Amino acid sequence: KVASASAADESDAADADAVPLSTWLSDTKNNDFEGSNNDSLIRRTTVAYGIVELLKCSKSKKLDNDEIRIDNFVVFVFKEPSRSWDDVKGVGMISSGMSLIIEEPSFLRDLLEDAD
């Protein structure tokens with residue numbers, strides 16, 4: 001998965017819920033997503049990459065502690081994901097109001113369909 005630099009559109013928000021990052025991490029750890037450690041690792045890495053991209057786009061040159069604390073981020077989770085491990089739509093930074101959509105590259109989509 002890769003993160004798109006485009007801002008999340010409010011009209012797209014109807015199909016996803018905003019979950020605080022701390023809650024999402026706890027749920028990810030507890031659910032273990034049908035026992036697949038690789039899927040869980042991919043999901044967590046994707047979210048981490050999205051957060052780094054948001055921090056890089058932050059308007060302030062120097063980030064303060066309020067901006068980098070875990071409670072300043074949310075994960076947008078699809079209400080009805082197509083696959084159990086592919087439920088992350090994007091991430092958001094509360095203090096700045098910025099968010100981004102995480103997109104799956106077409107080549108990965110094709111590989112996953114062949115695996116099914």
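**Close-up views**

**View 1. Asp87 and Arg43 are both buried.** Buried is used here for under 20% relative accessible area, exposed for over 50% and partly exposed for what falls in between, with a 1.4 Å probe and protein chains only. The model is predicted, with local features needing pLDDT of at least 70 and side-chain atom pairs counting only at pLDDT 80 or more, while totals for chains, interfaces and linings use all residues. Residues are numbered from 1 along each chain as its sequence is written, and side-chain values use heavy atoms, leaving out hydrogens and water. Zoom in on the two side chains and you find a salt bridge, 2.5 Å from N to O. Asp87 sits in the loop between E3 and E4 and Arg43 in helix H2 (residues 37–56), so their pairing ties together parts 44 residues apart in sequence. A salt bridge here is a side-chain nitrogen of Lys or Arg within 4 Å of a carboxyl oxygen of Asp or Glu. As for helices (H or I, at least four residues) and strands (E, at least two), they are DSSP runs numbered from the N terminus.

**View 2. Lys79 reaches Asp17 in another salt bridge.** The closest N and O atoms are 3.9 Å apart. This one links distant parts of the chain, 62 residues apart: Lys79 belongs to the loop between strand E3 (73–78) and strand E4 (88–93), and Asp17 to strand E2 (residues 16–20). Neither end is hidden away: Lys79 is partly exposed at 48% relative accessible area, and Asp17 is partly exposed too, at 38%.

**View 3. Asp17, in strand E2, has company from further along the chain.** Setting aside residues up to four places away in sequence, Asp17 touches Val75, Phe76, Val77 and Lys79; a contact means heavy atoms within 4.5 Å. Lys89 is 72 residues from Asp17 in sequence, with a C-alpha to C-alpha distance of 9.1 Å in space.

**View 4. Strand E3 pairs with E2 and also with E4.** E2 and E3 run antiparallel and are joined by 5 bridges. Pick out Ala18 and you'll see Phe76 of E3 standing opposite. E3 and E4 are antiparallel as well, again with 5 bridges, and here Val75 faces Val91 in E4. Two strands count as a pair if DSSP finds at least two bridges between them.

**View 5. Glu53 and Lys56 make a salt bridge within helix H2.** Their side chains meet at 3.1 Å, N to O. The two residues are 3 positions apart in H2, which means about one helical turn separates them. Lys56 counts as exposed, at 59% relative accessibility. Side chains of opposite charge can pair when their charged atoms come close.

**View 6. The whole chain has 4 helices and 5 strands.** Follow the sequence and the order reads β-β-α-α-α-β-β-β-α. Of the 116 residues, 34% are buried. The accessible surface comes to about 7400 Å², and carbon and sulfur atoms hold 52% of that; areas come from the Shrake-Rupley method with a 1.4 Å probe, and for residues only the protein chains shown count as cover. Take the contacts with a separation of 6 or more: 61% of them are between residues 24 or more positions apart. The structure holds 4 salt bridges, among them the Asp87–Arg43 pair of View 1.
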